[in-house]
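Colleague: Please take me through one buried spot and the strands around it, slowly enough that I can follow on screen. Which atoms meet there, and how does the spot sit in the whole chain?

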Amino acid sequence: MKPFYLIVVAALLTDALCAEVVVDNLNIPSTAQIVLSSAGKSAAQAFVTGSELVRLDEVTVRLRHFPGGGPSSSARVQVWSGAGDVPGLLIEDLGVITNIISINDFDYILTSAAQPVLESNTRYWVTVTNVTGDIDWRNSGDSTIDASSVGALPNVRATSDDGSNWATFAAGNFQMIKVLAAPGITVSNLLDDGSDGSLRKEIADAPPGSLIRFDISLSGETIRLQGTPQGNPLLIDKALMIDGSDLPAGITISGDKENDGFTLDDSRVFEIGGSGVVLLKSLSITGGRAPDAVSYTHLRAHETEADL
């Protein structure tokens, strides 16, 4: 069976990681609400991520049912991007909360299936849309957020009559939300000896579903795999995302150990085994070696270099 020299596929990165708190104000009492009294009525609360790239894990919103709207209500929760004063682009539809019947405050948790990447120091939005019934999305005039939060909760909100045409809403209160994210893992050096901070070590230690990124100091640099006569590719046997998009000048991963052209101690770059499913983003891959020297020349000419 022909081995894979480069694997670039859409990753199903859904494995749970130890989540960090992006923003959380659920530890304070709610005192008021935005009323979503009919189908389509929507509201949005902005939040800002912390200093690192992360993946969305789950969102919690505090809602209550208003009996005048019938025996129960339902609401759709989404996450949007948007640097301005209103949501701009839908990032993920987290689904519909059904059978909202409590007339008291209740915190509803929605888990992200797609786990989209949230850029660092960037504004995003949590939105709640009435599907049926009559809903209060609770808020507070207290700007306090939990000390564990790595992001911020700006005093920026928006509303919509149909869940798409947004308008800014009066400042003052903060909608009750909690956003959790799975943190990324950072490669901090160019070594290929399996030491802490090396790409090889981070791949080996990363839980399935991890996001692996690179320290900004590695921009424009090359990681050279320390091959052997038998080859020494980076083995990936789980779902991972390896992302170099933080680096202005990119990063290269090379199988050419000494940067001297083909020799027997060069290496294939990646070997995908077991249940490995990986997304490679903003990487340059070069100098990969075939499993045997006979087929190496063809591989080098046609398959070993790519900008991803």
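Modeller: Start with a term. A polar contact is a pair of N or O atoms within 3.5 Å; within protein, one atom must be able to donate a hydrogen and the other to accept it, and residues adjacent in sequence count only if both atoms are side-chain atoms. Now the ground rules. This is a predicted model, in which local features need pLDDT of at least 70 and side-chain atom pairs count only at pLDDT 80 or more, while totals for chains, interfaces and linings use all residues. Residues are numbered from 1 along each chain as its sequence is written, and side-chain values use heavy atoms, with hydrogens and water left out.

The spot is Asn 139. A polar atom of the Asn 139 side chain lies 3.4 Å from the backbone nitrogen of Gln 33. Asn 139 belongs to strand β10, residues 135-140. Strands (E, at least two residues) and helices (H or I, at least four) are DSSP runs, numbered from the N terminus. Is Asn 139 buried or exposed? Its relative accessibility is 2%, so Asn 139 counts as buried. Buried means under 20% relative accessible area, exposed means over 50%, and partly exposed lies in between (1.4 Å probe, protein chains only).

Which residues does Asn 139 touch, leaving out those up to four places away in sequence? One run of partners is Ser 30, Thr 31, Ala 32, Gln 33 and Ile 34. Another is Asn 173, Phe 174, Gln 175 and Met 176. Arg 157 is also on the list. A contact here means heavy atoms within 4.5 Å.

Follow Arg 157 next. Arg 157 is the bridge partner, in β11, of Gln 45. Strand β11 covers residues 157-160 and pairs with β3 in the antiparallel sense over four bridges. Two strands pair if DSSP finds at least two bridges between them. Strand β3, residues 42-48, is also joined to β9, residues 123-132, by seven bridges, again antiparallel. Within that pairing, Ala 43 has Val 128 as its partner. Ala 44 stands opposite Thr 127. Six of the seven residues of β3 are buried, so β3 is largely enclosed by the rest of the structure.

Now the sheet as a whole. Its six strands run in the order β6-β5-β9-β3-β11-β12, with antiparallel pairing, and the sheet is open. The edges are β6 (89-100) and β12 (166-169), each pairing on one side only. Neighbouring strands are turned by 25 degrees against each other on average, direction ignored. Axes are lines fitted to C-alpha atoms, for helices over the stretch in contact, and angles run from 0 to 180 degrees between N-to-C directions.

Aromatic rings come next. Rings of Phe, Tyr and Trp (its six-membered ring) pair if their centres lie within 6.5 Å; planes under 30 degrees apart count as stacked, over 60 as edge-to-face and the rest as tilted. Three aromatic pairs meet this rule. One of them is Trp 80 with Trp 166, edge-to-face, at 5.9 Å centre to centre and 80 degrees between the planes. Trp 80 sits in β5 (residues 73-81) and Trp 166 in β12, so the pair ties together parts that are 86 residues apart in sequence. Both of these Trp residues are buried.

Elsewhere there is another open sheet. Its four strands follow the order β15-β16-β19-β22, and the pairing is parallel. The edge strands are β15 (185-187) and β22 (278-281). The twist averages 20 degrees from one strand to the next. Strand β19 (residues 240-243) pairs with β22 over four bridges, and Asp 243 stands opposite Lys 281.

Last, the chain itself. It holds two helices and 24 strands. Of its 308 residues, 48% count as buried. Among contacts between residues at least 6 apart in sequence, 80% join residues at least 24 apart. The average pLDDT (the predictor's confidence in each residue, from 0 to 100) is 85, and 86% of the residues score at least 70. Where pLDDT is low, the predicted coordinates should not be read in detail. pLDDT stays under 50 over residues 1-17, and also over residues 293-308.
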